[in-house]
Amino acid sequence: MTQSFWLDPAEDLAGPLQEDITADVAVVGAGLCGTSAALALAKAGIQVALLEADRVASQATGRNAGFILQGTAERYDRARVHLGEERAKDIHAWSLVNHDRIAEAVAEFSIDCEYRRGGSLQLAGSELEEKELIASAELLNADGFEAELLDEQALPAVYRNAGFRVGVLLPKDGEIHPARFVRGIARAALQRGASRYEHTRVESIESEGAGNVRLKTAGGTVSAQTANVATNAWAGQLMPWYAETVDPVRGQMMATHPLPRVFEHPVYADHGYDYWRQDPAGRIVLGG
């Protein structure tokens, strides 16, 4: 697999499991969800074992643009149609709470991860999307969220010159070095009593009755009361029910050498099929 920009250099935070152990909860997968779960459990005094087949943040968590965006992948007007008005509003509000918690974790655990809350910019790539952006901005403001509609004159020249005529600035969004953040969360979980094992692929999870599961790996087994499976696209490998439901896919991204500052915000365009940002060093990270 291609080395991720965010994961260079590679960093081992723990060795593999080499014995049989017990825990209250076994967490499988050390990405954003798995490490966050492990930290929350450890802070609550629960004995947790975090198991990762590769390295912390080695999969989707360490292979994205580092955006912290509010809402769902859909524009807000579409989300309201698909999810219903109240549910879309609740999910949108919760995404902002989630961002607050990320910021709190960065401060609490002193994580050096280039975190910045400077907003994001949504751009319309077609006349239809322009109408959707306008509708989304109006609905966001009506529901108590912050969204600034930018017409062609208000857009910076770099976007106007590329043919964009409508944008929406969401000031509560942000950006982050995703791998550094998740590694910081993993370290915080370890400091609070979690045990962590990298290069430890869980081969199977067997239930032995209520409150008793056994996870088998090449180096040993983990006996726990419950398992938290946080393997995202790979859920079907351990839980057959997901094999026909969740399909892994691969996007493409690139990063440039440091360049003069051009983009002040993470940008989400063409319904998310084009997205880019410029990191603190000036490198443009572009995906689609």
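The largest cavity in this predicted model has a volume of about 30 Å³. A search finds one cavity of 30 Å³ or more. Here a cavity is a set of points on a 1 Å grid, over the protein atoms alone, where a 1.4 Å probe fits but cannot get out. Volume is the space filled by probe spheres set on the points, with grid points joined across faces, edges and corners. Rolling a probe the size of a water molecule over the atoms shows where empty space is left.

Ala38, Leu50, Ala186, Ala189, Leu190, Ala194, Ser195 and Arg196 line that cavity, lining residues being those with an atom within 4 Å of a point. Helix 6 gives the most, three residues, and strand 8 (195–197) also supplies at least two. Helices (H or I, at least four residues) and strands (E, at least two) are DSSP runs, numbered from the N terminus.

Next comes the second largest pocket, with a volume of about 410 Å³. Of its 16 lining residues, Ser36, Arg101, Ile102, Ala105 and Ile185 are the closest to the centre. A pocket is an open set with protein on both sides within 12 Å along at least five of seven lines. Helix 1 (32–43), helix 3 (85–108) and helix 6 (178–191) each put at least two residues into the lining, and the largest share, seven residues, comes from helix 3.

Here is how the two linings split by class. Ala, Val, Leu, Ile, Met, Phe, Trp, Tyr, Cys and Pro count as nonpolar, Asp, Glu, Lys and Arg as charged, and the others, Gly among them, as polar.

| Lining | Nonpolar | Polar | Charged |
|---|---|---|---|
| Largest cavity | six residues | one residue | one residue |
| Second largest pocket | ten residues | two residues | four residues |

Now for the rings. The whole structure has six aromatic pairs. Tyr76 and Phe145 form one that is edge-to-face, at 6.0 Å centre to centre and 80 degrees between the planes. This pair links distant parts of the chain, 69 residues apart: Tyr76 is in helix 2 (residues 76–83), and Phe145 is in the loop between helix 4 and strand 5 (148–150). Rings of Phe, Tyr and Trp (its six-membered ring) pair if their centres lie within 6.5 Å, and planes under 30 degrees apart count as stacked, over 60 as edge-to-face and the rest as tilted. Both Tyr76 and Phe145 are buried. Elsewhere, ring pairs join Tyr159, Phe263 and Trp276 into a cluster.

Tyr76 also meets Ser136, which sits in helix 4 (residues 127–142). A polar atom of the Ser136 side chain lies 3.4 Å from the backbone nitrogen of Tyr76. Leaving aside neighbours within four places in sequence, Ser136 is in contact (heavy atoms within 4.5 Å) with Arg75, Tyr76 and Asp77. Why does Ser136 count as buried? Because its relative accessibility is 2%, and buried means under 20% relative accessible area, with exposed over 50% and partly exposed in between (1.4 Å probe, protein chains only).

Asp274 is in strand 14 (residues 274–278) and, at 35% relative accessibility, counts as partly exposed. Gly287 is 13 residues away from Asp274 in sequence and 6.0 Å away in space, C-alpha to C-alpha. Beyond neighbours within four places, Asp274 is in contact with Val267, Tyr268, Ala269 and Gly287.

A note on the ground rules: residues are numbered from 1 along each chain as its sequence is written, and side-chain values use heavy atoms, leaving out hydrogens and water. As a predicted model, local features need pLDDT of at least 70 and side-chain atom pairs count only at pLDDT 80 or more, while totals for chains, interfaces and linings use all residues.

Key
A polar contact is a pair of N or O atoms within 3.5 Å; within protein, one must be able to donate a hydrogen and the other to accept it, and residues adjacent in sequence count only if both atoms are side-chain atoms.
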